[in-house]
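Welcome! Let us walk through this structure together, one stop at a time, with the sequence and the 3D view side by side.

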Amino acid sequence: MDFQDKRYDVFRMFNDRWALVTAGDIEHYNTMTIGWGSLGTIWGPPHNGRSIVTVYVSPDRYTHEFLEKNDYFTVSFFPEEYRRDLELLGSRSGRDGDKVAETALTPLAVEHGVDFAQAELTFVCRKLYSHQFEAEKVPEAVREWIYTRVSPHTMFIGEIVDVIER
């Protein structure tokens with residue numbers, strides 16, 4: 001795929017810009033803001049590994065159910081002007097209603113999932129693997145800081161099957 005020749009600022013993409021991880025189809029989906037993630041390769045011969053996105057979602061989040069039930073998910077990045085929308089989508093649950101309707105974002109059906117018209121970059125991913133973190137194996141400082149408030153995250157690894165750039 002030609003996206004492998006692109007240069008993405010992977011250390012700032014998740015940490016500084018945040019993203020939305022979305023699973024489901026346009027009729028029934030959920031999305032949430034994430035600040036943890038990575039891009040890389042896995043499970044392939046030298047110079048031909050599978051290009052992947054890895055995201056981390058607590059089982060406490062409604063989006064987790066969608067990630068578990070669906071074979072695909074999207075990870076979308078937005079211009080800074082949509083920061084407040086991402087804050088809202090990270091602080092409210094889709095269990096309580098249509099939180100996307102409270103934003104300026106427009107959901108779009110794409111092959112294998114849901115994207116947003118305002119996203120500048122979206123990775124469409126086929127779920128390869130998921131793994132539930134075990135709290136006792138997480139460094140103590142992290143455990144005390146995070147896992148006294150939420151359940152240990154699940155890691156979802158998705159192979160990139162398409163990249164949408166606007």
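**Starting from a buried phenylalanine**

F66 has a relative accessible area of 6%, so this residue counts as buried. Keep in mind as you look around that the model is a predicted one. F66 belongs to helix α2, and this helix also holds other buried residues, namely Y62, T63, H64 and L67. If you set aside the neighbours within four places in sequence, you will find F66 in contact with A23, G24, H28, Y29 and N30. Stepping back to the helix as a whole, the buried residues of α2 pack against β1, β2, β4, β5, β8 and β9. One more thing to try from here is to look along the chain to F78: it comes 12 residues away from F66 in sequence, and the C-alpha atoms of the two are separated by 22 Å.

Next, let us visit the nonpolar interior. The largest nonpolar core has 22 residues, and the members that touch the most others are V21, F73, V75 and F123. Helices α1 (10–17) and α2 (62–69) each supply at least two residues of this core, and so do the strands β1 (19–25), β2 (28–34), β4 (50–57), β5, β8 (121–132) and β9 (154–165). Zoom in on F123 and, leaving out residues up to four places away in sequence, you can see it touching Y8, M13, L39, V53, F73, T74, V75, F77, I160, D162 and V163. Apart from this core lies another one, made of 12 residues, with Y82, L86, L89 and L105 among them.

Strand β5 deserves a stop of its own. It covers residues 72–77, and S76 is part of it. Is S76 buried or exposed? Its relative accessibility is 0%, so S76 counts as buried. Which side chain does the side chain of S76 meet in a polar contact? The partner is the side chain of D115, at 3.3 Å. Beyond its neighbours within four places in sequence, S76 is in contact with A19, L20, D115, F116, A119, L121 and T122.

D115 leads us on to strand β7, which spans residues 113–116 and is covered on both faces. In a regular strand, side chains point alternately to one face of the sheet and the other. Here G113 and D115 lie on one side, V114 and F116 lie on the other, and all four are buried. The pairing partner to look at is strand β6 (residues 107–110), which runs antiparallel to β7 over 4 bridges. Within this pair, V110 stands opposite G113. The two strands form a hairpin with 2 residues between them, and in the turn H112 has a positive phi of about 75°.

Just ahead of β6, you can pause in the loop that connects it with α3 (83–91), where T103 lies. T103 has 14% relative accessibility, so this loop residue counts as buried. Its side chain reaches the backbone oxygen of V100 at 2.7 Å. Not counting residues up to four places away in sequence, T103 touches D85, L88 and L89.

Our last stop is the charged side chains. Side chains of opposite charge can pair when their charged atoms come close. How many salt bridges does the structure hold? There are 10. One of them joins R50 and E159, with N and O 3.3 Å apart. R50 sits in strand β4 and E159 in strand β9, so this pair ties together parts that are 109 residues apart in sequence. R50 is partly exposed at 32% relative accessibility, whereas E159 is buried at 17%.

Another salt bridge links D9 and R12, whose closest N and O atoms are 3.4 Å apart. D9 counts as partly exposed because its relative accessibility is 41%. D9 and R12 also belong to a network of salt bridges together with D16. Finally, K137 and E134 meet through their side chains at 3.7 Å, N to O. K137 counts as exposed, with 65% relative accessibility, while E134 is partly exposed, with a relative accessible area of 33%.

Definitions and conventions. Residues are numbered from 1 along each chain as its sequence is written. This is a predicted model: local features need pLDDT of at least 70, side-chain atom pairs count only at pLDDT 80 or more; totals for chains, interfaces and linings use all residues. Side-chain values use heavy atoms; hydrogens and water are left out. Buried means under 20% relative accessible area, exposed over 50%, partly exposed in between (1.4 Å probe, protein chains only). A polar contact is a pair of N or O atoms within 3.5 Å; within protein, one must be able to donate a hydrogen and the other to accept it, and residues adjacent in sequence count only if both atoms are side-chain atoms. Contact means heavy atoms within 4.5 Å. A nonpolar core is a set of buried Ala, Val, Leu, Ile, Met, Phe, Trp, Tyr and Cys residues joined through side-chain atoms within 4.5 Å. Two strands pair if DSSP finds at least two bridges between them. A salt bridge is a side-chain nitrogen of Lys or Arg within 4 Å of a carboxyl oxygen of Asp or Glu.
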